Amino acid sequence: MKTINKRARARYEVIKRLEAGVVLNRAEAKAIQNGRVDLSRSFAKILNGEIFLINMQVHARTDFGSNENGRTRKLLVHRSEIENLLLSMKSRKLTLVPLGVYNKGRLVKIELALVRDKLKHEKRESLRRRD
């Protein structure tokens, strides 16, 4: 099942897309397969040469009642790709946001994108084009 981030597609102009794996526990993977995930306020950050996804809400059912919905999750990307992303983020003032979550076989993948904010008139123009 694929879950998309509609807020990111409306707010940002996508510059470059990439696919990343994500480190999850069993309950979170099952919840994502069933579509119980919210990406609307999430973003990715590069810390110490690794990419982390922040504020992804996964509504997993656990037996012991722990509530780790918005915990930080590590993304699995090659080091050379991380370095390229870091360079382009710094030089062009871009942001890294998730566009969607989907299953690829038994693996859960996140579609990330380098984006820049749309200006107000660009948002209006894209709304007109869509209608």
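## Helix α2 and its ends

α2 is followed by G35, whose phi is positive, near 85 degrees. Helices here are DSSP runs of H or I of at least four residues and strands are runs of E of at least two, both numbered from the N terminus. This is a predicted model, in which local features need pLDDT of at least 70 and side-chain atom pairs count only at pLDDT 80 or more, while totals for chains, interfaces and linings use all residues. Residues are numbered from 1 along each chain as its sequence is written, and side-chain values use heavy atoms, with hydrogens and water left out.

At the N-terminal end of α2, N25 acts as a cap: one of its side-chain oxygens lies 3.3 Å from the backbone nitrogen of A27. That is a polar contact (a pair of N or O atoms within 3.5 Å; within protein, one must be able to donate a hydrogen and the other to accept it, and residues adjacent in sequence count only if both atoms are side-chain atoms).

## The two sides of α2

E28, A31 and I32 are the buried residues of α2, where buried means under 20% relative accessible area, exposed over 50% and partly exposed in between, with a 1.4 Å probe and protein chains only. They cover an arc of only 100 degrees around the axis, which puts them on the same side of α2; the arc is that of the directions from the helix axis to the C-beta atoms. R26 and K30 are exposed on the other side. The cover over the buried residues of α2 includes β3 (37-38), β6 (57-58), β7 (73-76), β8 and β9.

A31 has a relative accessible area of 0%, so it counts as buried. Leaving aside neighbours within four places in sequence, A31 is in contact (heavy atoms within 4.5 Å) with R36, V58, H59 and A60. From A31 to L112 there are 81 residues in sequence and 20 Å in space, C-alpha to C-alpha.

## Helix α3

Helix α3 covers residues 79-92, and its 14 residues should span 20 Å at 1.5 Å a residue; the end C-alpha atoms are 20 Å apart, which agrees. The expected span is 1.5 Å times one less than the number of residues. In α3, the buried residues are I82, L85, S88 and M89. Seen down the axis, they fall within an arc of 135 degrees, so they line one face of α3.

R79, L87, K90 and S91 are exposed on the other side of α3. The buried residues of α3 pack against β2 (12-22), β4 (43-47), β5 (50-54), β8 (95-104) and β9. Just after the helix, K93 takes a positive phi of about 55 degrees.

## Strand β9 and its partners

β9 is mostly covered, with eight of its 11 residues buried. On one hand it pairs with β2 in the antiparallel sense over nine bridges; two strands pair if DSSP finds at least two bridges between them. On the other, nine bridges join β8 to β9, and these strands also run antiparallel.

V115 in β9 stands opposite V14 and opposite T95. β8 and β9 form a hairpin with two residues between them, and G105 in the turn has a positive phi of about 70 degrees.

## Two nonpolar cores

The largest nonpolar core has 25 residues, and I51, M56, L75, L96, I110 and L112 have the most contacts inside it. A nonpolar core is a set of buried Ala, Val, Leu, Ile, Met, Phe, Trp, Tyr and Cys residues joined through side-chain atoms within 4.5 Å. At least two residues of this core come from each of β2, α2 (26-33), β4, β5, α3, β8 and β9, and β9 gives the most, with four residues.

L96 is in contact with F43, A44, I51, L85, M89, L112, A113 and L114, leaving aside its neighbours within four places in sequence. A second, separate core of six residues includes Y12, V97, A113 and V115.

## Two loop residues

N5 is found in the loop between β1 (3-4) and α1 (6-11). N5 is buried, with a relative accessible area of 3%, and its side chain reaches the backbone oxygen of P98 at 2.9 Å. Not counting residues up to four places away in sequence, N5 touches L39, S40, P98 and L99.

L119 lies in the loop between β9 (107-117) and α4 (120-130). At 47% relative accessibility, L119 counts as partly exposed. The C-alpha atoms of L119 and D38 are separated by 25 Å, with these positions 81 residues apart along the chain.
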